[in-house]
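I opened the model to look up two things. One was how the strands pair, the other what surrounds the ligand.

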Amino acid sequence: MAIPHVKPWDVAVVGEIFADHVFTGFPHWPRPGEEVIAQGYVRELGGGSVNTACGLSRLGRRVRLVGLIGDADFDWFEHRLSEFGVGIGGIRLEHDGTGITVSVSMRDDRTFFTYPGANRGLAELLTVPAVISDLAAARHVHFAMPLSRELATGILPVLRAAGCSTSIDVGHSPEWLRDTANIATCREVDLFLPNAAEAALACGETSVEAYVAWVLDNGLARAVLKRGAEGALAIAGGVLSSVAPPMVDAVDTTGAGDAFNAGLIDGWLDDEPLGRALERACICGALCSTAPGALEALPHPPQLRTLREQTYRS
Ligand SMILES: Nc1ncnc2c1ncn2[C@@H]1O[C@H](COP(=O)(O)OP(=O)(O)OP(=O)(O)O)[C@@H](O)[C@H]1O
Ligand SMILES: [Mg+2]
């Protein structure tokens with residue numbers, strides 16, 4: 001494959017795409033056959049791929065989102081993604097309907113009902129040569145999905161040959177994380193980006209020390225550990241860095257991990273050492289949690305710069 005001199009995209013983000021339907025303010029959880037009335041409802045684009053793509057675009061990166069939605073939702077997605085400046089040329093339309101997540105928020109807990117819809121075609125999409133070429137046209141490819149070993153074996157070498165760096169956040173995918181065959185994928189990407197629960201599934205223990213040992217023993221190039229309000233750490237070239245997030249009034253941490261990924265990739269594209277890129281990542285994750293939903297509070301570059309100077313330079 002010819003390597004374009006100037007890549008048209010900074011980042012291609014590929015993964016499952018959802019229409020999120022979020023219901024809030026129920027008096028109690030319904031008994032079978034009962035109806036309860038929500039006080040609030042919002043419909044929003046969802047999925048880690050959408051969140052990270054929007055986060056990177058807000059930070060000024062040229063971003064292409066690659067995935068599948070139902071054709072009936074195209075206008076909505078085009079309009080909403082254009083508000084963030086995310087390129088939609090990598091989205092394919094299916095008759096199957098967009099994947100749907102219904103989220104029901106009670107005071108202390110949230111429950112999700114998910115229909116995968118068009119996302120069921122994602123693995124097949126990633127075998128299409130034109131789609132792989134689309135990905136290769138970016139400087140960096142972020143997989144917001146549990147990339148199967150078989151697909152990884154086919155795609156990652158092609159991306160590397162095309163000069164792309166890569167990252168992966170598989171989300172809460174216990175089967176993928178427990179399968180030791182996927183350690184090779186964690187090794188082959190440039191950035192492995194789990195949260196604490198996902199890291200524990202991968203290494204089989206919950207302590208930070210056990211995860212660091214697992215990363216080093218398995219020869220991962222660079223790995224992160226996202227630790228919610230405690231911040232995050234990174235292991236790169238045998239060096240451990242740890243960063244605390246800025247103090248914020250968190251109202252909804254949905255998508256904080258995806259916003260974190262956007263900040264980290266933004267720093268990576270600027271050739272920052274991973275320990276420094278963690279600062280951008282922690283700020284993006286923290287700010288994302290200051291408004292309901294995953295997209296509203298994603299920062300623009302001036303906010304990121306200002307908060308970075310205030311938090312990490314004093
Ligand atoms: N309450 C909080 N206060 C400040 N920063 C936070 C808070 N929650 C999350 N963050 C920031 O966001 C980052 C990612 O959050 P978290 O560890 O919850 O990821 P996650 O579990 O992958 O999230 P999700 O999958 O819901 O998007 C953290 O490392 C931290 O920097
Ligand atoms: Mg996550």
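I began with strand β2, residues 18-24, and strand β6, residues 99-105. They run parallel, and 7 bridges join them. I then looked up a pair of facing residues: Thr24 stands opposite Ser105 in β6. I kept in mind that this is a predicted model.

Next I checked what packs on the sheet. Helix α2, residues 74-84, does, and it touches β2 and β3. I read its direction against that of β3 and got about 80 degrees.

I moved to the other pairing of β6. β6 and β7 pair in the antiparallel sense, over 6 bridges. I noted one bridge here: Thr101 has Thr114 in β7 as its partner. I also looked at the connection, where a hairpin of 4 residues joins β6 to β7.

In what order do the 4 strands of the sheet lie? I read β3-β2-β6-β7. The sheet is open, and its pairing is mixed. I then asked why one side of β3 and of β7 lacks a neighbour in the sheet. β3 (40-46) and β7 (110-115) stand at the edges and each has a single partner strand, so one side of each is left without a neighbour there. For the twist I noted an average of 15 degrees from one strand to the next. As a reminder to myself, strands of a sheet pair through backbone hydrogen bonds, either parallel or antiparallel.

I turned to ligand 1. How many residues surround it? I found 20, and the closest are Asn195, Gly228, Gly231, Gly255 and Gly257. I sorted the shell by class and got 10 nonpolar, 7 polar and 3 charged residues.

I then listed polar pairs between oxygen atoms of ligand 1 and the backbone.

- Gly228 has a polar backbone atom 2.7 Å from an oxygen atom of ligand 1.
- Gly231 places a backbone N or O atom 2.8 Å from a ligand oxygen atom.
- Ala256 has a polar backbone atom 3.3 Å from an oxygen atom of ligand 1.

I looked up the cover as well. On its own, ligand 1 has 620 Å² of accessible area, and the protein covers 81% of that.

Last, I asked which helices each supply at least two residues of the shell. They are α10 (256-269) and α11 (274-288). α10 gives the largest share of the shell, with 4 residues.

Methods:
Residues numbered from 1 in each chain as written. Chains lettered and ligands numbered in written order. Predicted model: local features only at pLDDT ≥ 70, side-chain atom pairs only at ≥ 80, totals over all residues. Heavy atoms only, no water. Near = heavy atom within 4 Å. Polar contact = N/O pair within 3.5 Å; in protein donor to acceptor, adjacent residues only side chain to side chain. Areas by Shrake-Rupley, 256 points an atom, 1.4 Å probe, with all protein chains shown as cover. Nonpolar A, V, L, I, M, F, W, Y, C, P; charged D, E, K, R; others polar. Pairing = 2+ DSSP bridges. Axes fitted to C-alpha atoms, helices over the stretch in contact; angles between N-to-C directions. Contact = heavy atoms within 4.5 Å.
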